[in-house]
Amino acid sequence: MKVFLPNGSLRAKLVLQLLVVAAVLAVLLYFTVRTTADRAAEATQDAILGAATTSIAEQLRATEDGVDVDLAYATFSMLGAIGQDRLFYRIDIEGQTVTGYEDLPLPDSPPAGLAATFYTSPYLDANLRIAAVSRSMTFDKGPVPVLVMIGQTRQGQAAIADSLANRAALVGLGFFLLAVPLSLLSAGSVFNPINRLAEAVGRRGPRDLRPVRHPAPRELAPLIGALNGFVARLRGALSQTETFIAEAAHHIRTPLSTVRAQAEIALRQSDDEATRVRLRSMIRGVETSARSASQLLDHAMVLYRSDQLERVPVDLSQVVRNVARAFEPTAELKEVTLVVTGDDGAMMTQGDPLLIEAALRNLLDNAIKYSAPETEVRMDVTRADGTVRVSVLDQGRGLSGASLAELSQRFTRGGNVGDVVGSGLGLTIVAEVATALGGQFDLRERTGLQSGGGTCASFILPAL
Amino acid sequence: MTATPLASATIPVKADNNLSWRQAGGVYLRFLLVEDSPDLAKSVRDLLTMDGHGVDWAATLSEAQDCLHAARYDLILLDIMLPDGDGRQFLQAQRRAGHDTPVIVMTARAAVSDRVDVLDSGADDYITKPFDFAELEARVRAVLRRRGGAAQTIRRYGDLSFNPLTATVTIAEEVRDLRNRELRLFEILLAAPDRIFSKDQLCDRLFSYAESVSDNAIEVYVGRLRKKLAGSVARIETVRGLGYRLTGG
């Protein structure tokens, strides 16, 4: 059974243990009541039997020709009080049975005087409770020991004990049945603080690495302590990693910049064609590695942030304007005209502004990169059917038949772009952001243009 | 802040004479370059100097502070990670103190969040290392244009005056607009009048290395620029088998 596994449910384990304890208690209750009832019934029987036996023994009278036994009605009516039990008696004088059942079992040791000795013994088809007293009577020959015994079957006593025990069993069962919901409830209330703590920790944003201060029972303190210790170590490791990445980027990119700038200077100064070719390929190499590094970082950021998504209202048209402004000089360099068109007013959506910016950046970067000089790249922001949409339209070389699914695979590039530097991660990033924010990404060839061609990339998000 | 001797912080432009064809005339823009890597600083400085700009170099924030006390600059090129502090905090302090010299941050940190951060600190723009020098120039132009221009941006040659920020050439009161590549081509030629530039050299400056261009693309732009300069004594001369030069001024 699953609950017995060490990694099974703690709650089930607790409930099970509570139920086992309840069951043991119920059984114990039953046996205690049963034993007590037995003893009480026995004591009652003994008291009556003892009194009757003593009374008979006291009323023995010595006569000239023997002993006069008076089995008074009162005595036996007293005994009859206990149910329908049968009675047996035996009176011995000097070891000889003078009256009664001569095979009625004798006590193990002879009773001392009129204080009765009680014992239980099988006789005929039943168990008898027997009381025995002895006295000495004086005859002519002198004192003679007389033994008086009265036995009684135990049906009445058993009936009383059974009925008491049955009630005890009912009470035990009731106790157990009551324990089931109670233990479920108590297990629930024990685990509630844990659930609330888990919720509080689960609700945290990706960058929330403050210590956990959620109120919790004392018993959870070690867990919270351990969690906070872990968070602190994680924060340390993260800030170390961030510092490391920033420093690594700094230490790699700064020399790369030097290489690039020196190559540009050399290119300006050199007249030798072979050298110039080498310098150009050097610059391209630097550009490729720098671009790959940026996009790998972007990609890592997208994966990390989509995991722990931050959802704040974002004005898509504002992001578009910011991104367009940032790319203005890049477009200008290529003599590409960058235009932003679309519906007026704010285009509110919900999501992580950094992710949205990363996606739009990559779209615009692609569009400009693959555009011929003196063409136009248009960013069109529209709203329709509960969505907001940014379309990036270029007049570039199109997709040459490659599908969106192919192009959004990591490190996959179109078949017609060999002459342009790229990493094959741009569209992957856009597609991943769209998925993470519950939107869509669509890429298609433009048709019906006089200029003939170009790509239309649409990034669609649910409107707020 | 400790006072560092200004001489160690600045490298006077005039002392640097190894660039033979440098513009003989005045300095167009004054840059303060705050960058701790001497190699990168030197190459950026050389490139800017080649285009006729004046550049002071500060390797640390305290040196930069000294330079800002001593001179006025048209634009600051600011690195983020410097030995004595974070460039963003320096920038914030500058802005709080009311200094509004335009700043372009040169960052090695390419993440989107870093870029947002940089702009929030008060930078006018940023450029990610390693950068295309033409892109840096374009961003400088864009920033200065937004800021309403630096004081000394008009260049004169012969009977024409040229404003790179508004991308206009004025010949006999007539203002002509230059498109981006015409503007850059004119800037290149104007930086070293009478020097012959080969087609390849011009191509390398006009087009990104990330794109491939046909050889005669340059002829198209030279042709267009000639039309824009029509009527001036300045003209672009074809030197057979060698290239082009600006002459007549």
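**Exercise 1. Locate B:Ala167 in the loop between strand 9 (160-163) and strand 10 (168-171) of chain B, then state the sign of its phi and decide whether it is buried or exposed.**

The model is predicted: local features need pLDDT of at least 70, side-chain atom pairs count only at pLDDT 80 or more, and totals for chains, interfaces and linings use all residues. Residues are numbered from 1 along each chain as its sequence is written, while chains are lettered from A and ligands numbered from 1 in the order in which they are written.

Step 1. Strands (E, at least two residues) and helices (H or I, at least four) are DSSP runs, numbered from the N terminus.

Step 2. Phi of B:Ala167 is near 55°, which is positive, and the residue is not a glycine. Most residues other than glycine have a negative phi.

Step 3. A residue is buried if 20 or more other C-beta atoms, placed from the backbone, lie within 10 Å of its own, exposed if 12 or fewer, and partly exposed in between. B:Ala167 has 20 C-beta neighbours inside 10 Å, so it counts as buried.

**Exercise 2. Describe helix 6 of chain A: its span, its kink and what follows it.**

Step 1. The expected span is 1.5 Å times one less than the number of residues. For the 18 residues of helix 6 of chain A this gives 26 Å, and the end C-alpha atoms are 26 Å apart, which agrees.

Step 2. A kink of about 45° lies at A:Phe327, shortly before the proline A:Pro329. The bend is the angle between axes fitted to the seven residues ending at a residue and the seven starting there. Both A:Phe327 and A:Pro329 are among the buried residues of this helix.

Step 3. After the helix comes A:Glu335, with a positive phi near 55°. A:Glu335 sits in the loop between helix 6 and strand 9 (337-342) of chain A. With 18 other C-beta atoms within 10 Å, A:Glu335 is partly exposed.

**Exercise 3. Which elements give two or more residues to the side of chain A that touches chain B?**

Step 1. Two residues are in contact if their C-beta atoms, placed from the backbone, lie within 7 Å. The contact takes 38 residues from chain A and 37 residues from chain B.

Step 2. The elements are helix 4 (221-269), helix 5 (273-307), helix 6 (316-333) and helix 7 (353-369) of chain A. Helix 4 of chain A supplies the largest share, 15 residues.
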